[in-house]
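This report covers side-chain packing and aromatic contacts in a predicted model. The sequence and structure follow.

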Amino acid sequence: AESFIDGNVFFNGPRAGINANDGFGGGDVISHNLVFSTCRESGDHGPFNSWDRQPFLTTVRTGEPSMLMAWREIHHNFFIDNYSPQEDVDNDDGSAYYRTHDNFLVYGGQGMKNDFGGHDNHHYQNIYAFVGQAMGVTKTLLGREDYFTDNSVVMLGTNVGGVECSGATTKLVRNQYFTPDATLTECGKPLKQAQKMGFDTNSTVACIPEDHVILEWATNVLGVVVDKDVVFV
């Protein structure tokens, strides 16, 4: 609990570069790391992997005994899922209370993942570059939904992915999607029709931009200072 992993370079590992097992008290921060060439001996997960199969009684969240962990933050990282590729951030097996934001996440089958009882997974203000689809998430209880907001998603396909479309629905708002033909399907409907049903309000879809545009987004979100003579081509 309350661990800080900041400013590291991880590469050429057999499994995930960073792994967070049972959540314990939470409150961890993973930031400003470069992680690439992971999972070289497996076909699962990617630069970051987590699970949360066992609850713990701690005082981390509020100072009082609680089975609920404090939120974990994953922010301002540069993850490249060039070996598996499954996800840059693989929240597996009941992972919960994650805020993943302001990251540059390259490659992978999908952007956000949550499965097997996972909940309260929030992805916002991330850049996903060349992923198959935006997400694959699982059913949650009302009030424990997953959130996907204010992200820029450069996709190789045209389907947002595994969105929860009934019951405790996935909350999607103000996302920018970029696909090969500027079309997008969500909950089995074209984006505009899905928006009329209340999904992904104020989100847009356009054609995939040129690489230099994506790199400029990345430098902005990561706060990278680029020499004025450097030109992305």
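## Phe48 and Tyr98

Tyrosine 98 has a relative accessible area of 2%, so this residue is classed as buried. Phenylalanine 48 is likewise buried, because its relative accessibility is 0%.

Seven aromatic pairs turn up in a search of the whole structure. In one of them, the ring centres of phenylalanine 48 and tyrosine 98 are 6.0 Å apart and the planes meet at 65 degrees, so the geometry is edge-to-face. Phenylalanine 48 belongs to strand S6 (residues 48-50) and tyrosine 98 to strand S10 (residues 96-101), so the pair ties together parts 50 residues apart in sequence.

## Trp71, Tyr97 and two arginines

Tryptophan 71 and tyrosine 97 also make an edge-to-face aromatic pair, with 5.5 Å from centre to centre and 90 degrees between the planes. Tryptophan 71 sits in the loop between S6 and strand S7 (72-75), while tyrosine 97 is in strand S10, so this pair ties together parts that are 26 residues apart in sequence. Both tryptophan 71 and tyrosine 97 are buried.

Each ring has an arginine over its face: arginine 99 lies 4.2 Å from the ring centre of tryptophan 71, and arginine 61 lies 5.0 Å from that of tyrosine 97.

## Nonpolar cores

The largest nonpolar core has 25 residues, of which Phe48, Met135, Phe148, Val153, Val160 and Tyr177 touch the most other members. At least two residues of this core come from each of strands S3 (18-20), S14 (127-131), S15 (133-136) and S17 (152-155). A second, separate core has eleven residues, including Ile80, Val106, Ile127 and Ala129.

Leaving aside residues up to four places away in sequence, valine 160 touches Gln133, Ala134, Met135, Met155, Leu172, Tyr177, Leu184, Thr185 and Glu186.

Conventions: Residues numbered from 1 in each chain as written. Predicted model: local features only at pLDDT ≥ 70, side-chain atom pairs only at ≥ 80, totals over all residues. Heavy atoms only, no water. Core = buried A, V, L, I, M, F, W, Y, C linked by side-chain atoms within 4.5 Å. Buried < 20%, exposed > 50% of the residue type's maximum accessible area, 1.4 Å probe, protein only. Helix = DSSP H or I, 4+ residues; strand = E, 2+ residues; numbered from the N terminus. Contact = heavy atoms within 4.5 Å. Phe/Tyr/Trp six-rings, centres within 6.5 Å; stacked < 30°, edge-to-face > 60°. Lys NZ or Arg CZ within 6 Å of the ring centre and 35° of its normal.
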